[in-house]
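I opened my notebook today to look up a few things in one protein model. Here is what I wrote down, entry by entry.

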Amino acid sequence: MALSPNAFFTQELALAFDNGAVVGNSYYAAPVPESPLLLRISFQSTIRQGEYGGLRLSMVHADRGPIDEIVLSFADHGTFRARDRAAGRTDRSDGYGVFRDFTPRASGPAPWAGGDWTRLKAAVTRYADLWFSVRPTPPRTASATVARTRSLPLAENAAAHGRRR
C-alpha cells in the first residue's frame with residue numbers, strides 16, 4: 001500500500017471536525033462556519049526522502065495566508081512507542097518514532113501501522129481549540145481592573161523613606 005493521506009486522516013487520525021476534507025497530501029478543516037481561518041495538517045518530512053516524523057499543523061487565514069504553524073512529532077507523543085519497543089529500537093535508533101514509505105506496496109499494512117494516535121489526536125484537537133474556540137469571553141468587571149498607583153517624585157520618595165537627596 002502506498003502512502004494514502006486520505007486513509008490516514010479519515011481512518012487512523014479520524015479527527016472530529018465537521019467541515020474536514022483531504023486534498024492531495026493534506027487535511028483541511030474549517031471547524032467554525034464562515035471563519036476566515038482554516039486548519040491544514042500535513043505530514044512532516046525528516047531529512048530522508050519518504051520518511052515522516054510527525055504532523056505539521058498550520059493555521060491559514062483566507063486573506064493573509066499562513067499565520068501560525070507547529071510541528072507535532074510522533075516521538076514526542078509516543079505514537080510508535082509500542083512498535084519501536086517491540087522492534088528493539090530506542091530513541092537513538094534509526095527508524096525510531098517515524099514511519100517510512102520508501103516503496104509503494106500492493107498489499108500489506110499501511111506504513112503507519114502500529115501507531116497509537118490517542119495523544120497526537122488530543123494535541124491536534126487542543127491546537128484547533130485554541131484558534132477556533134467559540135466560548136464567549138467573560139465580561140470585565142470593576143474588581144478585575146487593576147488600580148493604577150501614583151509613584152511619588154524622587155525627592156518625596158526619598159523623604160518618605162528617611163533619606164536625603
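**Entry 1: a word I needed first.** I call a residue buried when its relative accessible area is under 20%, exposed when it is over 50%, and partly exposed in between. With that in hand I looked up alanine 14: its relative accessibility is 30%, so it counts as partly exposed. I also noted that what I am looking at is a predicted model.

**Entry 2: the overall plan.** I looked up the secondary structure and found 4 helices and 6 strands. Reading from the N terminus, I wrote the order of elements as α-β-β-β-β-β-α-β-α-α. The protein has 165 residues, and 33% of them are buried. I then looked up the contacts between residues at least 6 apart in sequence: 47% of these join residues at least 24 apart. For the surface, I noted about 11,000 Å² exposed, with 51% of it supplied by carbon and sulfur atoms.

**Entry 3: helix H1 and what follows.** Which residues of helix H1 are buried? In this helix, residues 5–13, I found Pro5, Ala7, Phe8, Phe9 and Leu13. I next looked up what covers them, and my list includes strands S1 (20–23), S2 (26–29), S3 (37–45) and S4 (51–61), as well as helix H3.

Back to alanine 14, which sits in the loop between H1 and S1. Its phi is positive, about 45 degrees, although alanine 14 is not a glycine. I put a star beside this entry, because most residues other than glycine have a negative phi.

**Entry 4: another alanine.** I looked up alanine 110 in the loop between strand S6 (99–100) and H3. Is alanine 110 buried or exposed? Its relative accessible area is 17%, and the cut-off for buried is under 20%, so alanine 110 is buried. I also checked its distance to alanine 7: the two are 103 residues apart along the chain, and their C-alpha atoms are separated by 9.1 Å.

**Entry 5: proline 66.** I found proline 66 in strand S5, residues 65–73. Its relative accessible area is 56%, which means that proline 66 is exposed. I looked up its contacts, leaving aside neighbours within four places in sequence, and wrote down Arg40, Met59 and Val60. Leucine 39 is 27 residues away from proline 66 along the chain, and 9.6 Å separates their C-alpha atoms.

**Entry 6: salt bridges.** A reminder to myself: side chains of opposite charge can pair when their charged atoms come close. How many salt bridges does a search of the whole structure find? It finds 7, and I looked up three pairs in more detail.

- Glutamate 69 and arginine 56 meet through their side chains, 2.6 Å from N to O. Glutamate 69 is in strand S5 and arginine 56 in strand S4, so this pair ties together parts 13 residues apart in sequence. Glutamate 69 is partly exposed at 43% relative accessible area, and arginine 56 is partly exposed at 24%.
- Aspartate 84 pairs with arginine 89, and their closest N and O atoms are 2.8 Å apart. Aspartate 84 has 0% relative accessibility and counts as buried, whereas arginine 89 is partly exposed at 30%.
- Aspartate 94 and arginine 100 form a salt bridge at 2.7 Å, N to O. Aspartate 94 is partly exposed at 49%, and arginine 100 is partly exposed at 25%. I also noted that salt bridges with shared partners join Arg48, Glu51, Asp94 and Arg100 into one network.

**Entry 7: a patch of positive charge.** Which residues gather in a patch of positive charge on the surface? I wrote down Arg81, Arg85, Arg119 and Arg126. Next I looked up where they come from: helix H2 (81–86) and helix H3 (118–132) each supply at least two residues of the patch. I picked one of them, arginine 119, to follow up. Arginine 119 belongs to helix H3, and its 42% relative accessibility makes it partly exposed.

Conventions:
Residues are numbered from 1 along each chain as its sequence is written. This is a predicted model: local features need pLDDT of at least 70, side-chain atom pairs count only at pLDDT 80 or more; totals for chains, interfaces and linings use all residues. Side-chain values use heavy atoms; hydrogens and water are left out. Patches are made of residues with over 30% relative accessible area and no salt bridge: like charges are joined within 9 Å, nonpolar side chains (Val, Leu, Ile, Met, Phe, Trp, Tyr) within 5 Å. Accessible areas come from the Shrake-Rupley method with a 1.4 Å probe; for residues, only the protein chains shown count as cover. A salt bridge is a side-chain nitrogen of Lys or Arg within 4 Å of a carboxyl oxygen of Asp or Glu. Lys and Arg count as positive and Asp and Glu as negative; His and the chain ends are not counted. The place of a charge is taken as NZ of Lys, CZ of Arg, CG of Asp or CD of Glu. Buried means under 20% relative accessible area, exposed over 50%, partly exposed in between (1.4 Å probe, protein chains only). Contact means heavy atoms within 4.5 Å.
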